[in-house]
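Work through the exercises below with the sequence and the 3D structure open. Try each task before reading its solution.

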Amino acid sequence: MQKSEEQKYRVRKLEISDKGKGFIELLQQLSVCDSVSDKEFEERFGELSDLGDEHVICVIEEEGSGKIIATGSVFIEKKFLRNCGKVGHIEDVVVDSSARGKHLGKRIINFLTEHARSMGCYKVILDCSVDNKPFYEKCGFHHKSLQMAIPINPIDENAESIPFSPRPYLKSKEGCTDGGKESAVV
Ligand SMILES: CC(C)(COP(=O)(O)OP(=O)(O)OC[C@H]1O[C@@H](n2cnc3c(N)ncnc32)[C@H](O)[C@@H]1OP(=O)(O)O)[C@@H](O)C(=O)NCCC(=O)NCCS
């Protein structure tokens with residue numbers, strides 16, 4: 001019997017063995033992610049595991065090859081605002097270049113959004129490039145505001161290198177040169 005797409009592309013939480021299944025190589029398709037030693041991976045995995053449901057990284061493992069082909073994470077921020085409300089922050093969403101266009105990105109976002117909902121978050125937010133705006137709109141997000149950043153230790157080739165200044169350096173969409181990141185909310 002043929003497996004459904006649901007069974008074939010099951011989203012699950014990151015496991016320690018995923019390092020050997022191409023998880024780091026997948027992240028390298030998103031941004032700077034130099035080689036991570038097994039020890040470094042284990043340490044970071046342990047730190048994140050200690051946070052339990054407050055910080056979840058999910059993945060999709062390709063059947064047959066056993067390769068990790070999609071990932072994303074959500075971090076649950078606890079606030080005093082909104083009656084001690086919680087906000088979910090989605091980060092580090094990437095689908096392997098060979099597997100894009102199969103709704104795997106959408107599956108990852110649905111998983112992370114549902115996790116935030118189950119944790120009692122009143123909203124889920126993320127930053128994305130203008131190019132990815134239509135993808136997130138298809139996932140139910142809408143444009144809410146723009147992102148501002150201080151690149152403290154820029155390792156991203158798109159990030160600007162700035163000298164330390166006691167005055168906050170604010171970067172808005174209008175002023176930035178990396179295509180402009182915007183914030184979206186669901
Ligand atoms: C952005 C990304 C995660 C999308 O993943 P994906 O699995 O290819 O996307 P999906 O197949 O789930 O797309 C869902 C819907 O969005 C649409 N879509 C996806 N990317 C799009 C884009 N850049 N522009 C317009 N529409 C897009 C799809 O056509 C699909 O539409 P449909 O539901 O009508 O069929 C993937 O392209 C990627 O990893 N890019 C590189 C890393 C990156 O930029 N990550 C995002 C960081 S914010």
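**Exercise 1.** How many nonpolar, polar and charged residues does the shell around the ligand have?

*Solution.* The model is predicted, so local features need pLDDT of at least 70 and side-chain atom pairs count only at pLDDT 80 or more, while totals for chains, interfaces and linings use all residues. Residues are numbered from 1 along each chain as its sequence is written.

Step 1. Fix the classes: Ala, Val, Leu, Ile, Met, Phe, Trp, Tyr, Cys and Pro count as nonpolar, Asp, Glu, Lys and Arg as charged, and the others, Gly among them, as polar.

Step 2. Find the residues near the ligand (C-beta atom, placed from the backbone, within 6 Å of it). There are 17 residues around the ligand, and Arg 100, Gly 105, Lys 106, Pro 134 and Phe 135 come nearest. Strand 4, helix 5 and helix 6 each give two or more residues to this shell. Helices (H or I, at least four residues) and strands (E, at least two) are DSSP runs, numbered from the N terminus.

Step 3. Sort by class: the shell has eight nonpolar, four polar and five charged residues.

**Exercise 2.** Where does the ligand lie with respect to domain 1 (1-121) and domain 2 (131-186)?

*Solution.* The domain bounds come from an automatic or database domain assignment. Both domains give residues to the shell, so the ligand lies between them.

**Exercise 3.** Which residues have the most contacts inside the largest nonpolar core?

*Solution.* Step 1. Define burial: a residue is buried if 20 or more other C-beta atoms, placed from the backbone, lie within 10 Å of its own, exposed if 12 or fewer, and partly exposed in between. A nonpolar core is a set of buried Ala, Val, Leu, Ile, Met, Phe, Trp, Tyr and Cys residues joined through C-beta atoms within 7 Å.

Step 2. The largest core has 30 residues, and the most contacts inside it belong to Cys 58, Ile 60, Ala 70, Ile 90, Leu 104, Ile 108 and Leu 112.

Step 3. Assign the core to elements. Helix 2 (23-27), strand 2 (55-61), strand 3 (68-78), strand 4 (86-95), helix 5 (104-118) and strand 5 each supply at least two residues. Helix 5 has the largest share, six residues. Domain 1 and domain 2 each contribute at least three residues to this core.

Step 4. Compare with the general rule: in soluble globular proteins, nonpolar side chains tend to be buried together.

**Exercise 4.** What distance should the 13 residues of helix 3 (residues 38-50) span?

*Solution.* Step 1. The expected span of a helix is 1.5 Å times one less than its number of residues. For helix 3 this gives 18 Å, and its end C-alpha atoms are 18 Å apart, which agrees.

Step 2. Check the cover: the count of buried residues in helix 3 is zero. Just after helix 3, Gly 52 takes a positive phi of about 55 degrees.

**Exercise 5.** Is Arg 82 buried or exposed?

*Solution.* Step 1. Arg 82 is found in helix 4 (residues 81-84). Arg 82 has 10 other C-beta atoms within 10 Å, so it is exposed.

Step 2. Look at the backbone. Most residues other than glycine have a negative phi. Phi of Arg 82, however, is near 50 degrees, a positive value.

Step 3. Repeat for Asp 92 in strand 4. Phi of Asp 92 is also positive, near 50 degrees. With 16 other C-beta atoms within 10 Å, Asp 92 is partly exposed.

Key
A residue is near a molecule or strand if its C-beta atom, placed from the backbone, lies within 6 Å of it.
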